[in-house]
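User: Hi! I'm new to reading protein structures. Could you walk me through this one with a few questions and answers?

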Amino acid sequence: MDFHLCQLKLHCRLCGSLLVHKKGRKQLKASHPRVYLCSTFASELYLCFGLDAAKDEAQIHPHSFCKCCYDAMQRKLKAVSQHRHFNSRMELYKWEAHASDGGCKVRSNVVVTLTYIIYIQIIGL
């Protein structure tokens, strides 16, 4: 299960993409964060996407989201504050519990993300 939780740390809660890319190791610098915690932006996530981060389960849902989703959220918030309509084409990724056969969709990315798990453990994310 520890492996599964490490895999979840590598994915965006909203779109399901990887948070760390081959060219994006600098994304994890504290001076300019590119990963945002769902708990920090809970009210904004609910307003923009109807996502209640308080109901997320640690074994199923990642706890952070990517810069692209953050930017989409900011555009939506700006449109709402200016009383304009904002039509987002973004669809939320549907995170599911493990199947009864023990299959895990997150583990299917093992080959791609194994290097990043080690990297994440080294930097302590």
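**A buried histidine and a helix pair**

Analyst: Happy to! In this predicted model, His 11 sits in the loop between helix H1 (2-9) and strand E1 (35-37).

User: Is His 11 buried or exposed?

Analyst: Buried means under 20% relative accessible area. The relative accessible area of His 11 is 2%. His 11 therefore counts as buried.

User: Which residue has its backbone oxygen 2.8 Å from a polar atom of the His 11 side chain?

Analyst: A polar contact needs N or O atoms within 3.5 Å. The distance here is 2.8 Å, and the backbone oxygen belongs to Gln 7.

User: How are H2 and H3 oriented to each other?

Analyst: Two packed helices are described by the angle between their axes and the distance between the axes. For helix H2 (residues 42-49) and helix H3 (residues 67-81), the axes are 10 Å apart and the angle is about 70 degrees. Angles of 65 to 115 degrees count as roughly perpendicular. H2 and H3 are therefore roughly perpendicular.

User: How many nonpolar residues are in the contact of H2 with H3?

Analyst: From H2 come Glu 44, Leu 45, Leu 47, Cys 48 and Phe 49, which meet Cys 69, Met 73, Lys 76 and Leu 77 of H3. By class, 2 residues of this contact are charged, none is polar, and the nonpolar ones number 7.

User: Which strand supplies at least two residues of the largest nonpolar core?

Analyst: This core has 16 residues, and Phe 49, Phe 65 and Met 73 are among those touching the most other members. At least two core residues each come from H2, H3 and strand E2 (64-66).

Conventions. Residues are numbered from 1 along each chain as its sequence is written. This is a predicted model: local features need pLDDT of at least 70, side-chain atom pairs count only at pLDDT 80 or more; totals for chains, interfaces and linings use all residues. Side-chain values use heavy atoms; hydrogens and water are left out. Axes are lines fitted to C-alpha atoms, for helices over the stretch in contact, and angles run from 0 to 180 degrees between N-to-C directions. Helices (H or I, at least four residues) and strands (E, at least two) are DSSP runs, numbered from the N terminus. Angles under 35 degrees count as roughly parallel, over 145 as roughly antiparallel, 65 to 115 as roughly perpendicular and the rest as oblique. Contact means heavy atoms within 4.5 Å. Ala, Val, Leu, Ile, Met, Phe, Trp, Tyr, Cys and Pro count as nonpolar, Asp, Glu, Lys and Arg as charged, and the others, Gly among them, as polar. A nonpolar core is a set of buried Ala, Val, Leu, Ile, Met, Phe, Trp, Tyr and Cys residues joined through side-chain atoms within 4.5 Å. Buried means under 20% relative accessible area, exposed over 50%, partly exposed in between (1.4 Å probe, protein chains only). A polar contact is a pair of N or O atoms within 3.5 Å; within protein, one must be able to donate a hydrogen and the other to accept it, and residues adjacent in sequence count only if both atoms are side-chain atoms.
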